[in-house]
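User: Let's go through the aromatic pairs and the nonpolar cores in this one. Can you take my questions in turn?

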Amino acid sequence: MCQILLRKFFLPTSAVIFTFLPIQPLQALPLLQSDFTQLSESSQKPTKPTKLQLYGGPQTRTPIIQWYLEELGVSYDYISLNIGANEQRQPEFLAINPMGKVPAIVDGDLKLWESGAILLYLAEKYQQMPNSLAERAKIEQWVIFANATLAPALFSADKREKEMPILLTPLNKILQQKQFLLGEKLSVGDIAVASYLHYAKVLLSLDYRQYPSVVAYLERIAARPAFKNTLGKR
């Protein structure tokens, strides 16, 4: 093949001379056998879910995670397991959580369980954690407090009478000065603490009236659209 290039030379006779320059043809790169193998394997691989998957069930802590996902505006698929039929004990789910408990999530290659761990993961992934190590620790402190201290105190009949005033009196004092646990902005720490306070109020009919700042705090929480759509339905 050749390409015609037009060059105009200003000769005495004003003649136009065409010169022909050869063009090298493009060389096709040979495909190796390994290339065909990779193409074949990639076409056979199952596609991973693009959305976060949340596994849960009725009368579990799953709405806590749903509430936070709604606050974050994260799209997700919800898979409700029949707890009464022991679907959480089937091999398919035990591959996600070997303890056979919900909630649990699958996010890409990650399989994660325990509500507190899931909340902290979501806060990290969606940039809800501060850069300061000290400030991050304060948020984590409230999530751990909710799961390890507050929930056992509220839901254990033998501990409740003694532990409630010990925990709710300082909590009431903290909330006298702030809209939320760490200031004027909702954090994942609020998700954890407010969830258990709400659960105890609804399921155990606990009366918080002697802690007016706690009551006002729960009213602010209850007014949030994400809460109304999830945990507030309980």
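User: Are phenylalanine 180 and tyrosine 217 buried or exposed?

Analyst: Quick note: this is a predicted model, so local features need pLDDT of at least 70 and side-chain atom pairs 80 or more, while totals for chains, interfaces and linings use all residues. Residues are numbered from 1 along each chain as its sequence is written, and side-chain values use heavy atoms, leaving out hydrogens and water. Buried means under 20% relative accessible area, exposed over 50% and partly exposed in between, with a 1.4 Å probe and protein chains only. By that yardstick, phenylalanine 180 and tyrosine 217 are both buried.

User: How are the rings of tryptophan 67 and phenylalanine 227 arranged?

Analyst: Rings of Phe, Tyr and Trp (its six-membered ring) pair if their centres lie within 6.5 Å; planes under 30 degrees apart are stacked, over 60 edge-to-face, the rest tilted. That rule gives four aromatic pairs. For tryptophan 67 and phenylalanine 227, the centres are 5.0 Å apart and the planes sit at 80°, so the pair is edge-to-face.

User: Where does the largest nonpolar core lie relative to domain 1 and domain 2?

Analyst: A nonpolar core is a set of buried Ala, Val, Leu, Ile, Met, Phe, Trp, Tyr and Cys residues joined through side-chain atoms within 4.5 Å. The largest has 52 residues, and Tyr208 and Tyr217 are among those touching the most other members. Domain bounds come from an automatic or database domain assignment. Domain 1 (53-124) and domain 2 (130-229) both contribute residues, so this core lies between them.
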